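Me: Please take a close look at the strand pairing in this model, and then follow the chain outwards to whatever packs around it. A careful, connected account would suit me better than a list.

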Amino acid sequence: NTEPGDAVNTVDAADAVDVVVVGAGVTGLYAVHKLREMGYRVRGFERGADVGGVWYWNRYPGARCDVESADYSYSFDEELQQEWDWSEKYATQPEIMRYLSHVADRFDLRRSFTFGTSVVSAELDEETLRWTVRTDGGIGGGGADGGDGRVGGEVLSARFCVFAVGCLSSTHLPSVPGLDTFAGATYHTGEWPHEGVDFTGLRVGVIGTGSSGIQSVPLIADQAAQLTVFQRSANYSIPAGNRPLDEAARRELKAGYAERRRLARLSGGGSPFMTHPRRTLEVGEQERRAAFAKRWELGGVLYSKTFPDQLTDLPANEAARGYWEEKVRARIDNPAVADLLVPTDHPIGTKRIVTDSGYYETYNRAHVRLVSLRENAIERIDGQAVVLADGERVELDALVLATGFDAMTGSLDRIAVRGRGGRLLKDDWSAGPRTYLGLGTDGFPNLFSLAGAGSPSVLANVILCAEQHVDWLADCLAHLDAHGYAAIEAGARAVEEWVAECRERAAATLMMSADSWYLGANIPGKPRVFMPFVGGFGAYGQIIADVAGSGYKGFELI
Ligand code: N01
C-alpha cells in the first residue's frame with residue numbers, strides 16, 4: 001500500500017507491528033514486557049524523555065506516593081520483588097523513578113519505546129481491522145506541519161492499539177485572567193522542572209490544595225521568605241505516618257510478600273487491608289474511637305475505610321469526619337485559620353484523601369498565610385501580583401499551580417482516535433467515558449484502554465491495576481490467536497450496561513456528593529459522570545476474569 005512519493009504517510013511492512021503501546025508509565029512498561037515475552041512485535045511511544053509516566057512529570061517538592069512502597073511495586077516477577085529495597089514506607093518520587101528505571105533496565109524495556117514522542121492519531125481500517133497510528137515525530141523531528149517543531153512523525157500499522165496514557169497526565173490550568181502574563185516564574189506541579197526550583201528568599205504563591213499542593217506546601221514554606229496559599233476548597237488530609245524501612249523491616253516485608261499480595265488482590269483498593277468487621281454505628285463510642293485512633297496512627301488514605309460503611313452511610317461518615325476534625329484542629333494554632341482548613345462541603349473520603357507530613361502545622365508559621373478564595377476570589381494576575389476581589393495585591397516572585405489534571409479522559413482526548421465509520425472516540429465519550437469493563441468500547445475493535453475510566457484504576461493501587469489489566473489483555477490476545485480470530489470488539493449493549501452499572505454503583509455511595517475530579521467537576525464544561533468503577537479492585541478482578549472465562553461474553557470475536 002505504498003504510493004510513490006508518499007514519503008511520510010507510508011505504511012510498509014517495516015512499519016507493521018502487532019501492538020502499539022502508548023505510554024511508558026507503570027502500565028505501559030508492563031504491557032510492553034508481557035506482550036513482548038509472548039512473541040508479539042511491540043512498539044511503545046512515550047511523550048516524556050524517559051520511562052515513569054506521572055512520576056516522570058511530577059517532581060515537585062514533597063512528591064511522594066500515598067500507597068505503601070511495598071504494595072506500590074510490581075508483583076509479576078518474584079526476583080524483582082525480592083531484590084528491590086525500598087527505603088521508606090511511602091516512597092518519594094525520585095525513589096519511584098529509580099525503581100521504574102531499574103525495571104526498564106532489568107527487562108530491557110527502553111529498546112521498544114520511542115521517547116519524547118506523542119501518538120497523535122489512531123485510525124481504524126475497517127477492512128483489515130488494523131490501526132494506522134501516527135506520531136508527532138518527537139522533539140526535534142524533521143519536516144513541517146504546523147510550525148511547532150514536532151513534525152515529520154512516524155506512521156505505522158498495528159493490529160492492536162493499547163492506551164496506557166494514565167489518568168492524571170493532562171495538566172489543568174486555572175482560567176485566571178492574566179495568568180499567562182505573570183511577571184514572576186510560574187510552575188505547574190505536574191510539569192515540574194527536572195533541575196528543581198530554589199524558592200529561597202522568594203515570595204511564593206501556591207494555588208490549589210489537593211494532594212500536590214498539600215504535599216508541597218510544607219517544603220516550599222521551608223525555603224520561601226513568604227508563602228501565600230490560595231485555597232478554593234478545603235481538603236481532608238491525614239498524616240502519612242511515613243517512616244524509614246530498616247533492613248529488618250524489609251526482610252519481614254519480603255518474607256510476607258506472597259500473603260501480602262494475596263490479600264491485596266482480594267481487597268477493595270489493591271492493598272492488604274481489612275476494614276473493621278462491623279459497621280461504624282454498630283460499635284460503641286469507645287471501640288469506634290479506638291478504631292479511628294489506630295488507623296490515624298498507622299496513617300494514610302486508608303483512614304477513609306476504617307469502617308466498611310464510611311463511604312456509603314452519611315452518619316458513619318460523619319463519625320469519621322468528626323474524629324478527623326478533632327485531630328486536625330489540635331494541630332492548628334489559630335482557630336480562624338482552622339475554620340478555613342476544615343472542609344464543610346463534602347463527606348470525608350469522597351475526594352481523594354490527602355496524606356501529608358506537617359501540612360496543617362505549616363500555617364502556624366509566621367511567614368505562611370492562607371487565603372480562602374471562597375471569601376476573597378482571585379480576580380486577575382497583574383504584573384507580579386495576584387489581585388484579589390477585595391482589591392488586595394499579593395506581590396509574588398513565583399507562582400505554583402497545584403491545580404490538578406483533566407483526569408481519566410484528558411490524555412486520551414488529545415489523541416484523534418477514529419473507529420468504525422470514522423467515529424471519533426472523543427465524540428463518542430462526550431457525555432462521559434463509554435467502556436465495557438473499562439477495557440474496550442464498541443466501534444473500536446482491537447483497541448484497549450488500560451487502568452483508566454470504567455475500571456478501579458485511580459481508586460486502587462494502580463500498579464496492581466496495571467498488572468490485572470495487562471494480564472487480562474495477554475490472555476485475551478492469546479485466546480484470539482488460539483482460535484483464529486482477527487479481532488475483539490465490545491458490544492454496544494455490553495457498553496451501555498457497564499456504563500449503567502458504574503453509574504449505579506457510584507450512586508449507591510457518597511461519592512457523588514463531592515465536586516471531585518473523579519466526576520470531572522474540576523474541569524469547566526466536563527460532564528458530571530463518576531468515571532472509575534467504584535465496586536472494588538478484588539470484585540472487579542473477579543468480574544473481568546469471569547468474562548474471560550465465559551469466552552469473552554459481551555465482546556464480539558471477529
Ligand atoms: O490535583 P487536585 P492534585 N482556582 O485536582 C484547585 C493524585 N496525586 O494534583 O478543590 C483555584 O486534587 C482545586 O480546588 P477545588 C491523587 O489521586 C497523588 O493535587 O477544585 N483553585 C484543588 O484544590 C490526587 O487526588 C499524590 O475547589 C483551583 C487543586 O487546585 C490527584 O493526583 C500526589 C482552580 C487541585 O487539586 C490530583 O491531585 C499528588 C482554580 N481555577 C497527586 N482549579 C500522592 O500519591 C483548581 N483548583 C500522595
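Reply: Two strands are taken to pair if DSSP finds at least two bridges between them. The strands (E, at least two residues) and helices (H or I, at least four) are themselves DSSP runs, numbered from the N terminus. The model is predicted, so that local features need a pLDDT of at least 70 and side-chain atom pairs count only at 80 or more, whereas totals for chains, interfaces and linings use all residues. Residue numbers start from 1 along each chain as its sequence is written.

The hairpin is a convenient place to begin. Strand E13, residues 378-382, runs antiparallel to strand E14, residues 385-388, and four bridges join the two. Within this pairing Asp 382 stands opposite Ala 385 of E14, and Ile 381 stands opposite Val 386 of E14. Two residues lie between E13 and E14 in the hairpin, and Gly 383, which sits in that turn, has a positive phi of about 60 degrees.

The hairpin belongs to an open sheet of three strands, in the order E13-E14-E15, with antiparallel pairing. Its edge strands are E13 and E15, the latter covering 393-395, and each of these pairs on one side only. From one strand to the next the twist averages 25 degrees, where angles run from 0 to 180 degrees between N-to-C directions and axes are lines fitted to C-alpha atoms, for helices over the stretch in contact.

There is also an open sheet of five strands, whose pairing is parallel and whose order is E7-E16-E8-E9-E12. E7 and E12, the latter spanning 368-372, stand at the edges with a single partner strand each, so one side of each has no neighbour in the sheet. The twist here averages 20 degrees from one strand to the next. Inside this order, strand E8 (residues 203-207) and strand E9 (residues 226-231) pair in the parallel sense over five bridges, and one pair of bridge partners is Val 206 with Val 229 in E9.

Helix H5 packs on this five-stranded sheet, where it touches E8, E9, E12 and strand E16 (398-401), and the direction of H5 makes about 170 degrees with that of E8; such contact requires C-beta atoms, placed from the backbone, within 7 Å. H5, which comprises residues 211-223, also supplies the largest share of the shell around the ligand, namely four residues. In total 26 residues surround the ligand, and the closest are Pro 174, Gly 208, Gly 210, Ser 233 and Gly 404, the cut-off being a backbone-placed C-beta atom within 6 Å of the molecule.

The loop between strand E6 (155-163) and strand E7 (185-188) holds Ser 170. Ser 170 counts as buried because it has 20 C-beta neighbours inside 10 Å, the classes being buried at 20 or more other C-beta atoms within 10 Å, exposed at 12 or fewer, and partly exposed in between. Leaving aside residues up to four places away in sequence, Ser 170 touches Phe 405, Asp 406, Gly 410, Ser 411 and Arg 414. With Ser 411 the separation along the chain is 241 residues, although the C-alpha atoms of Ser 170 and Ser 411 are separated by 5.6 Å.

Definitions and conventions
Two residues are in contact if their C-beta atoms, placed from the backbone, lie within 7 Å.
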